[in-house]
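Here are some notes to read with the model open beside you. I have kept them as numbered points so that you can take them one at a time.

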Amino acid sequence: MNWSFQLYSARNFQPWNGVVKMLGQLGYSQVEGFGGVYDDPKAFRAELDKNGLAMPTGHFSIDALENDFDGVRKIADALGITLMICPYLMPDQRPSDAAGWRGFGERLAKVGETAKKAGYGFAWHNHDFEFKALADGSVPQDHILSAAPDIGWEMDVAWVIRGGADPSPWIEKHGKRIVAVHVKDIAKPGEGLDEDGWSDVGHGTVDWAGLFKALRAKSAAQYFVMEQDNPNDIERYARRSIAAAKSWQE
């Protein structure tokens with residue numbers, strides 16, 4: 001199992017060469033990129049190579065994907081990224097109704113076509129807002145996936161739960177679309193107060209042992225990416241999380 005690590009988790013624990021070295025020593029074999037590591041992709045790739053790490057997946061904004069795909073492609077090629085992922089939509093850009101969300105899905109579909117023609121995979125990454133019911137009772141994630149039937153989904157399981165949804169039916173229904181998974185855990189009541197309510201993987205409330213089994217059996221996920229949005233100790237988080245993850249395979 002090639003466990004990956006979303007580098008956004010370590011944005012507050014610089015320098016990057018120290019982070020990358022630590023991840024390699026802890027047993028990670030992959031990392032996932034985000035905007036904060038794209039300034040000098042060739043130099044960053046050298047650090048990854050030196051520490052036995054690959055970057056097969058990377059997050060890119062909808063603006064960059066729509067308006068500077070050639071620039072995105074150059075970054076991806078320098079770092080070895082083959083799956084481009086759109087990770088977020090700013091609050092002021094989010095539609096308020098079903099038609100608006102279908103329209104956004106159509107935008108993602110066009111990006112997906114461009115990526116596919118250029119030889120890359122493409123996926124949408126969820127947060128919680130896609131699972132909040134609209135006025136008509138529908139949820140944005142359904143509209144996104146139906147309007148963009150050929151793109152993949154990087155399922156952030158903990159954000160699905162925070163959005164008020166049970167991830168299991170979504171895995172059942174859309175497993176073939178799930179090409180990557182964010183492995184994130186939610187803190188137990190009263191814990192993680194200085195970490196935005198998140199926890200080290202395997203030490204929170206998410207049934208990761210069961211969900212990992214379901215995802216392996218019912219999804220097309222090739223990448224399992226550890227992430228914690230605001231850890232207070234990056235080494236502890238990375239170490240305890242991969243130890244827990246490895247135990248699910250036993």
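1. A definition to begin with: two strands count as paired if DSSP finds at least two bridges between them. Please also keep in mind that this is a predicted model.

2. With that in hand, look at the sheet. Eight strands form an open sheet in the order β1-β10-β7-β6-β5-β4-β3-β2, and their pairing is parallel. In general, strands of a sheet pair through backbone hydrogen bonds, either parallel or antiparallel.

3. Which strands form the edges of this sheet? They are β1 (3–5) and β2 (30–33), each of which has a pairing partner on one side only. Direction ignored, neighbouring strands of the sheet are turned by 30° against each other on average.

4. Now follow β4 to its partners. Strand β3 (residues 54–59) runs parallel to strand β4 (residues 83–86), and three bridges join them. Here His-59 stands opposite Ile-85 of β4. With β5, strand β4 also pairs in the parallel sense, this time over four bridges. One place to find that pairing is Leu-83, whose bridge partner in β5 is Gly-121.

5. Is β5 largely enclosed or open to the outside? Buried here means under 20% relative accessible area. Four of the five residues of β5 are buried, so the strand is largely enclosed by the rest of the structure. Helix α5 lies across β4 and β5, and runs at about 155° to β5.

6. The loop between β4 and α5 holds Met-90. A relative accessible area of 45% makes Met-90 partly exposed, because that class covers values between 20% and 50%. From Met-90 to Ile-62 there are 28 residues in sequence, and the C-alpha to C-alpha distance is 10.0 Å.

7. On to the pockets. The largest pocket has a volume of about 430 Å³. Its lining has 21 residues, and His-59, Ser-61, Pro-87, Tyr-88 and His-127 are those that lie nearest the centre. His-59 is thus worth a second look, as the residue that also stands opposite Ile-85 in β4. By class, the lining of the largest pocket divides into ten nonpolar, seven polar and four charged residues.

8. What lines the second largest pocket, with its space of about 280 Å³? There are 13 lining residues, of which Gly-112, Glu-113, Lys-116, Asp-150 and Ile-151 are the closest to the centre. Two elements, α5 (98–117) and β5 (121–125), give two or more residues to this lining. The most comes from α5, which gives four residues. Seven of the lining residues are nonpolar, three are polar and three are charged.

9. Two backbone details deserve a check on your screen. The peptide bond that joins Gln-14 and Pro-15 is cis, with omega of about 10°. Pro-15 sits in the loop between β1 and α1 (16–26).

10. The other detail is Asp-196, which has a positive phi of about 60° although it is not a glycine. Where is Asp-196 placed? You will find Asp-196 in the loop between β8 (185–186) and β9 (198–199). With 46% relative accessibility, Asp-196 counts as partly exposed.

How values were computed: Residues numbered from 1 in each chain as written. Predicted model: local features only at pLDDT ≥ 70, side-chain atom pairs only at ≥ 80, totals over all residues. Heavy atoms only, no water. 1 Å grid on protein atoms, 1.4 Å probe; cavity = no way out; pocket = protein on both sides within 12 Å on 5 of 7 lines; lining within 4 Å. Points joined across faces, edges and corners; volume = space filled by probe spheres on them. Nonpolar A, V, L, I, M, F, W, Y, C, P; charged D, E, K, R; others polar. Axes fitted to C-alpha atoms, helices over the stretch in contact; angles between N-to-C directions. Contact = heavy atoms within 4.5 Å. Buried < 20%, exposed > 50% of the residue type's maximum accessible area, 1.4 Å probe, protein only.
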